[in-house]
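Could you look through the points below with the coordinates open beside you? They are set out in the order in which I would go through the model myself.

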Amino acid sequence: MYRVNNLIQTSYCIRSTFTSCKRLLSVKESKEQSKKYNVRKINKLLVANRGEIAIRVFRACNENNIRTVAIYSAEDEGQLHRIKADESFKIGKGLSPIAAYLNIPEIIKVARKNNVDAIHPGYGFLSENGDFAKACLEAGIIFVGPTPDVIYRMGNKINARQAAIDAKVPIIPGTTDAVENLDSVREFVKEHGYPVMLKAARGGGGRGMRVATKENELEEAFQRASSEAKAAVGDGRLFVERLVSKARHIEVQVIGDHYGKVVHLYERDCSVQRRHQKVIEVAPATNLDSKLRDRITDDAVRLSKHVGYQNAGTVEFLLDDKGRHYFIEVNCRLQVEHTCSEEITGIDIVQSQIKIAEGAHLSDLGLEQDKIKIMGAAVQCRMTTEDPANNFTPDVGRIDLFRSAEGFGIRIDSASAYTDAVISPFYDSLLVKVIAHARNHQEACSKMVRALREFRIRGVKTNIPFLLNVLKHKQFLEGSITTSFLDENPTLFKFVPPQDRAQKLLFYISEVLVNGPLTPLGTDKKPAMIKPELPPVKKKEIPDGWRQVLKKEGPEGFAKAVRKHPQALIMDTTMRDAHQSLLATRVRTCDLKKSAPFVAKNFSQFYSLENWGGATFDVALRFLHECPWDRLSELREIIPNIPFQMLLRGANAVGYSNYPDNVIDAFCQMAVDRGMDIFRIFDSLNYLPNMKVGIDAVGKANGVISAAVCYTGDVADKTRMKYNLEYYTKFVDQLVKMGIHILSIKDMAGLLKPQATKILIDAIRQKYPDLPIHLHTHDTAGTGVANYLAALEAGADIVDVAVDSMSGMTSQPTMGGVVAALQNTKYDTNIDLDKVNEYSAFWEQTRLLYAPFECTTTMKSGNADVYRNEIPGGQYTNLQFQAFSLGLGSQFESVKKSYIEANQVLGDIIKVTPSSKVVGDLAQFMVQNNLTAKDVHERVEELSFPSSVVEFMEGQLGQPHGGFPEPLRTKILKGKKKIDGRPGANAKPLDFNKIEQELKTKFGDDIIRKCDVMSYVMFPKVLEEYITFKKQYGPVDLYPTRVFFVGPELNEVMDIEIEHGKVLHIVVMGISDLLITTGDREVFFQVNGQLRSMKIKDKAAIKDQKVHPKADKNNKNQIGAPMPGQVLDIKAKVGDTIKKGDTVAVLSAMKMETVVKSPMDGKVKQVHVNAGQQIHGDDLIIELE
């Protein structure tokens, strides 16, 4: 039952090469030689290997007072194994990194020259090369491993199979000779069918292995397996065998002496494999029947004795689901996972190797089978520098931080794992071997999980997330896995990416310190070194406010309560509209949150806070790198008692485009769910169809509908007929019919004068006595407080103010001024003026943090000329700021005059974002081209107008009151289609689920939230840039404002709380001079008392350097490198027509080959790499057209 039919075995063993026969016959001679083995003390030992295994052998030597010698390639000059040895010598001049360690003559020369007694081959490289073992013996050097004859016989897959047959050990059907071409493989497949396994004939440590399940996979599999085998061991010949799927990979650790004795150290289960590379090993094998264990170990020992095996080795088997085991190979060397066997037996295998090589008997070492017992369970994880989220592509580069695990039951074997180590693409990706030992398998896994979580590795990606997924999987913990385990559990490859918050935050500071601010600054003024503070507030100190009324009564009841309120109500715009010009949108959430508790406690009388919407939405993403939705939620958490108000641009929400109606509905619902209450809905042209979309959406979301009429002109001036009192009262009639809760008058330029204010509000109040009226104005001319007094006397209920230090000029009228003016009157707000002053003092200091964006840099006072030019407050300061920043400050008066003309050219329109931008763009266009209104009309057909002007004339913003100016409109459009109704009326509804899935596919399931989808719908490119920025630099919103904009001072102490109870203590220690060879500057930090550093490219220093272009991930025609490495082969040339899935290039890194396939059909436009070229990840390889 447990033996393959003899006839089957014989059919694969008829032929044998002459060399194989000769080596088989040599076994008898070697056994006789072993009886007279020359016992010899080893005083100096050379390890013909690198990295972790070299250090492992050195440690064993040190414990036995043996002097150690290392060899290293040019690429390994900085590796620890060179330093750990007593002596080290550079080899491989002019050779490739791998070939250096395969150069037998040079290694022997180094050994002889330096009086080396013995050579340990480690694993990989020459460890299973019989010629190397023979060369050692011929040079009089002890080879720590099997004899050359045994290596020739068992290191060759064909000879090993024959030996197994002779020893009556079951085998899997396979070729009897190594194959060198596809035809031989196809002959085997013709007889035995698919699937087949192609394996390096001389071993490859998991490399040189490929599976082919069908004919169209065979050629590629053969080429890759042969090429990898050639690179790994210098021999590209392959062995072919029938693939046994869903089997367990069980291997037995054996040790033999030179006197015919062999023992086993029990078995290991190596079934967790990826790309035929072992990832996690377990000892002993779980759920293995004791009788079956005995059969497997007995076969391993019998085979070893049969071939005269000496020293340490591993006999490997596949165990199928029927309990049948099949021999697959012998590894004539130390295995990577030998540590598991050491842990469960207490036997130092490497020391045993050395002592046996000296001539010791197994009995001398206490290695007698009846004395070797299993003690507990062990698990080994191979931590590699591979990115599990990117198909495990090897990652290279500098380790910026390495913090290891420790503790009871944990063993760490490593070599390249330390801060500042450089991981190269030339060798294996193994970084650390972590071994956990405990009483049983489950406890060992628990220790391993704990240890892996303790590691902190930054700078290169590792496979830790994948290892954790496996270790926590129920099937693995139960010990019932096969080599198909990973294929059958795709959830193992779904990872929660590490946050790396500290690393990313340090990267951000480093970039700012080396290359300057990442948020463009408006001026050269620096933020002040201050920390504004307000008294702390406890939640229980926060009284109820108008939001409790809203929640209890609903929007309609809330509006009635507002109207019945006998005193004046104020809305505070300090958290949004008070920040005019650049300052309008640069104030960060962290500073708003500092003032929020104080506001909640002391200003519960506020009708509302305007703190969201408008331009602050996209700029929060674009320049502050923070999510506006999070801002809303966080402020709502702190301020539960005051209603929030936002600015909604009708059918445009907070964007500047025309969106389908379902977008506006979804946006408003999400805003309400996040804590928004009142929506001031407006349209930049007072175009009712656009407004109705927003009004209906807010109604569906159960928000307060505060519909706004945008004010321009002068209702007190009887000569100005276009926007007269009748226009406004009729407009209000239409809004009331739409079911609004509150009427807002939006005087965005501050054009209202006291008399006009009385006329307008009185007319509305007489007609609608129960309708709450809310007035918003800007104080550009300095008449704001007077206007508010007139408004309240005429019947207004609510007025907008900004705290004193943020008020005046193009902002809102002063809060303190209004509160004081109304004291001791029937409109008294009952707001404590002392608290207003305290609030103002906070913002006066906070404003100094935003000095680079300060409008007062150019604007020193208000100006009544606004009554002539009608420029909205925010635009007024922006236009002035732009003129001064361009050195055209003296032309600002010309811009204002042109603004008046431009407005008339466009037909005297309502001016508020975005219509105000149309007027402003045309005005600047006229100044730049020295045009008058007359010139525009006369030269209209030859001029190239700003795109905003063209879009306005198309009807993209809606229809202006009085219509478009003709024939100017027609001439500007030059045949373009006109929109004469609502621009978004025919837009198809968006599929949010589809968009969400596309974003998750691109950025990851764990990153994209519902609110991100909405932000993407509003501003697609901005949202993508925001996510990319956050992934690169982390939660930069945690930095204090000054540090965020310009970085910290040297030796400045920063405490950054990345989560509750977890604080990063950061100090910038210094910045290095420019490293000429790389163009880097190194920034040194102390983080939580530990020295850290970041290397940053100095962009100014390298601007003239030529660098390889990167593939644009958003351009499907560009094919980039999935990993860093060397280009082995280019499969396409310019002009070739290729199809999706065609191979275009083959890359190699860390001895692993990766095929790059085309993601689409196309024609090769350009090839950007050459064979043999070293490239980095995402480097452009092929460009299609």
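The points that follow concern a predicted model, and they go from an annotated residue to a sheet, its helices and the cysteines.

1. The UniProt entry, which is unreviewed, places the annotation "active site" on Arg333. In the model this residue sits in the loop that leads from β13, residues 325–331, to α13, residues 338–345.

2. Is Arg333 buried or exposed? Its relative accessible area is 9%, and because the limit for a buried residue is under 20%, Arg333 counts as buried. Its side chain also makes a polar contact of 3.0 Å with the side chain of Glu128, so that anyone who sets up this site may wish to view the two residues together.

3. The strand that precedes this loop belongs to an open sheet of 8 strands, whose order is β13-β12-β9-β10-β11-β14-β21-β19 and whose pairing is antiparallel. The edges are formed by β13 and by β19, residues 410–414, each of which pairs on one side only. On average, and with direction ignored, neighbouring strands of this sheet are turned by 25° against each other.

4. Within that order, β9 (residues 248–256) and β12 (residues 311–319) are paired in the antiparallel sense, and 9 bridges connect them. For a check of the register, Val254 is found opposite Gly313 of β12.

5. Which strands does α13 lie across? They are β9, β10 (262–274), β11 (277–283), β14 (377–384), β19 and β21 (430–438), and the helix runs at about 155° to β14. Helix α16, residues 464–471, lies across β10, β11 and β14, and it too runs at about 155° to β14.

6. How many disulfides does the model contain? The count is 0. For Cys340 the closest cysteine sulfur is that of Cys270, and because the two sulfur atoms are 7.5 Å apart, they are too far from each other for a bond, the cut-off being within 2.5 Å. Cys381 likewise takes part in no disulfide, with the nearest cysteine sulfur, in Cys445, 8.1 Å away.

7. The surroundings of these cysteines can be described by their accessibility. Cys340 has a relative accessibility of 0% and therefore counts as buried, and Cys381, with a relative accessible area of 0%, is buried as well.

Methods
Residues are numbered from 1 along each chain as its sequence is written. This is a predicted model: local features need pLDDT of at least 70, side-chain atom pairs count only at pLDDT 80 or more; totals for chains, interfaces and linings use all residues. Side-chain values use heavy atoms; hydrogens and water are left out. UniProt positions are given in the numbering used here, feature names are shortened, and annotations may be inferred rather than shown by experiment. Helices (H or I, at least four residues) and strands (E, at least two) are DSSP runs, numbered from the N terminus. Buried means under 20% relative accessible area, exposed over 50%, partly exposed in between (1.4 Å probe, protein chains only). A polar contact is a pair of N or O atoms within 3.5 Å; within protein, one must be able to donate a hydrogen and the other to accept it, and residues adjacent in sequence count only if both atoms are side-chain atoms. Two strands pair if DSSP finds at least two bridges between them. Axes are lines fitted to C-alpha atoms, for helices over the stretch in contact, and angles run from 0 to 180 degrees between N-to-C directions. Contact means heavy atoms within 4.5 Å.
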